[in-house]
Amino acid sequence: MNYNFAYLDEDTKKEIRRKILKAVAIPGHQIPFASRVMPLAKGFGTGGLQITLSILKRDDTLKVIDQGRDDSMNPMNIKRLIKKTTPSVNITDDTAKATVIQTRHRIPEERLKKHQILVLQCPFPEPLRWVEKSEEKTRKMHAEMDYSKAYLYIYEHLLKHGEVLIGTRYPVMVNNRYLMDPTPIPRWDIPRLNYADTLFLFGAGREKRIYAVPPYTKVEPLEFEDHKFRREDMSGLRCALCGSENVYLDEVIKDGKKYYTCSDSNFCEKIRKGIKVERWPDAVRN
């Protein structure tokens, strides 16, 4: 069967690219789009896949990861579809070689460059859904920049637990204007959105929303003056495979013993091979 280049028809890709341009022009603002039915179950990255297919060029190099891994089921299925419909696009596991990276739940440990685009699969684009169920009301709250309920939600965490127990989807303020859901990435990755060289695109297929964080844009997590945002504490831990420290680690239980390994499989492989990797700097706070 013959497919159009990158599966989607040209009118669909044109419409998605227009919505991407609008999202880039208004950082953090959710732009509705006519999400198409994809040969992929909803919740498995249909929004991110539509963005990826719409921006891919014939000479691009694509990397697809799921929670840091290149070889799990979700990335393999997406890469198989893209390879079948875009045979001229190169597929790679090397973060540095990719021009377009589609990811689920992680930002690579290797620092991304300005020529790269990171597409994030986003199951829940609305950051106010925790505090307001009505879509009409959340739209109004964004328009009026009324985020008091979000701050109250974090404050209640502090009162009950003494700490903000939001492991993923930690709400962030983009360009001092819009509250944004950064997708289910861990808190460890949140500082990488701030003043990055890379364009971040977020696609929610089920919710029919696209939003973006352009390069060199201010992105700050919600916090209080007397209680600052904190990432996961990985101090004193190192990867059992490559020995890396100060990286996001997965806990592994084997033969009754607890180990930690790098969440980013490509980063871990490079370190084991002795390849020099440029790491993300500490978060810039202006």
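**Exercise 1. Strand 2 and its two faces**

Which residues point one way from strand 2, and which the other way? Work out how far the strand is covered, too.

*Solution.* Before starting, note that this is a predicted model, where local features need pLDDT of at least 70, side-chain atom pairs count only at pLDDT 80 or more, and totals for chains, interfaces and linings use all residues. Residues are numbered from 1 along each chain as its sequence is written, and side-chain values use heavy atoms, with hydrogens and water left out.

Step 1: find the strand. Strand 2 covers residues 61-66. Strands (E, at least two residues) and helices (H or I, at least four) are DSSP runs, numbered from the N terminus.

Step 2: sort the side chains. T61, K63 and I65 go one way, while L62, V64 and D66 go the other. That fits the general pattern: in a regular strand the side chains alternate between the two faces of the sheet.

Step 3: check the cover. Six of the six residues in strand 2 are buried. Buried here means under 20% relative accessible area, exposed means over 50%, and partly exposed is in between (1.4 Å probe, protein chains only).

**Exercise 2. Strand 2 and its partners**

Place strand 2 in its sheet and name its bridge partners.

*Solution.* Step 1: get the strand order. Seven strands form an open sheet in the order 1-9-8-5-4-2-3, with mixed pairing. Two strands pair if DSSP finds at least two bridges between them. Strand 1 (31-32) and strand 3 are the edge strands, each pairing on one side only.

Step 2: look towards strand 3 (residues 90-91). Strand 2 pairs with strand 3 in the parallel sense, over two bridges. L62 has I91 as its bridge partner there. Add helix 3 (residues 73-85), and strand 2, the helix and strand 3 make a right-handed β-α-β unit. Right-handed means that, with the strands pointing away from the viewer, the path from the first strand over the helix to the second runs clockwise.

Step 3: look towards strand 4 (residues 100-104). Strands 2 and 4 run parallel and are joined by five bridges; I65 has T103 as its partner.

Step 4: go further along the sheet. Strand 5 and strand 8 (residues 199-204) also run parallel, with five bridges between them, and L118 stands opposite F200 in strand 8.

**Exercise 3. Charged pairs across the chain**

Which parts of the chain does the R111–E278 pair tie together? Take D66 with R104 as a warm-up.

*Solution.* Step 1: the warm-up. The side chains of D66 and R104 meet in a salt bridge (2.9 Å, N to O). A salt bridge is a side-chain nitrogen of Lys or Arg within 4 Å of a carboxyl oxygen of Asp or Glu. D66 sits in strand 2 and R104 in strand 4, 38 residues apart. D66 is buried at 9% relative accessible area, whereas R104 is partly exposed at 22%.

Step 2: the main pair. R111 and E278 meet in a salt bridge at 3.7 Å, N to O. R111 lies in the loop between strand 4 and strand 5 (117-121) and E278 in the segment after helix 6 (265-272), so the pair ties together parts that are 167 residues apart in sequence. R111 is partly exposed at 25%, and E278 is partly exposed at 37%.

Step 3: a further partner for E278. K113 forms a salt bridge with E278, with the closest N and O atoms 3.2 Å apart. K113 is in the loop between strand 4 and strand 5, and this pair is 165 residues apart.

**Exercise 4. The cavities**

How many cavities of 30 Å³ or more are there? Describe their linings as well.

*Solution.* Step 1: count. There are two. A cavity is a set of points on a 1 Å grid over the protein atoms alone where a 1.4 Å probe fits but cannot get out; lining residues have an atom within 4 Å of a point. A volume is the space filled by probe spheres set on the points, which are joined across faces, edges and corners.

Step 2: the largest cavity. Its volume is about 70 Å³. Of its 13 lining residues, V164, Y170, H227, K228 and F229 lie nearest its centre. The lining divides into seven nonpolar, one polar and five charged residues. Ala, Val, Leu, Ile, Met, Phe, Trp, Tyr, Cys and Pro count as nonpolar, Asp, Glu, Lys and Arg as charged, and the others, Gly among them, as polar.

Step 3: the second largest cavity. This one has a volume of about 40 Å³, and its lining has eight nonpolar, no polar and no charged residues.

Notes. On a 1 Å grid over the protein atoms alone, a cavity is a set of points where a 1.4 Å probe fits but cannot get out, and a pocket is an open set with protein on both sides within 12 Å along at least five of seven lines; lining residues have an atom within 4 Å of a point.
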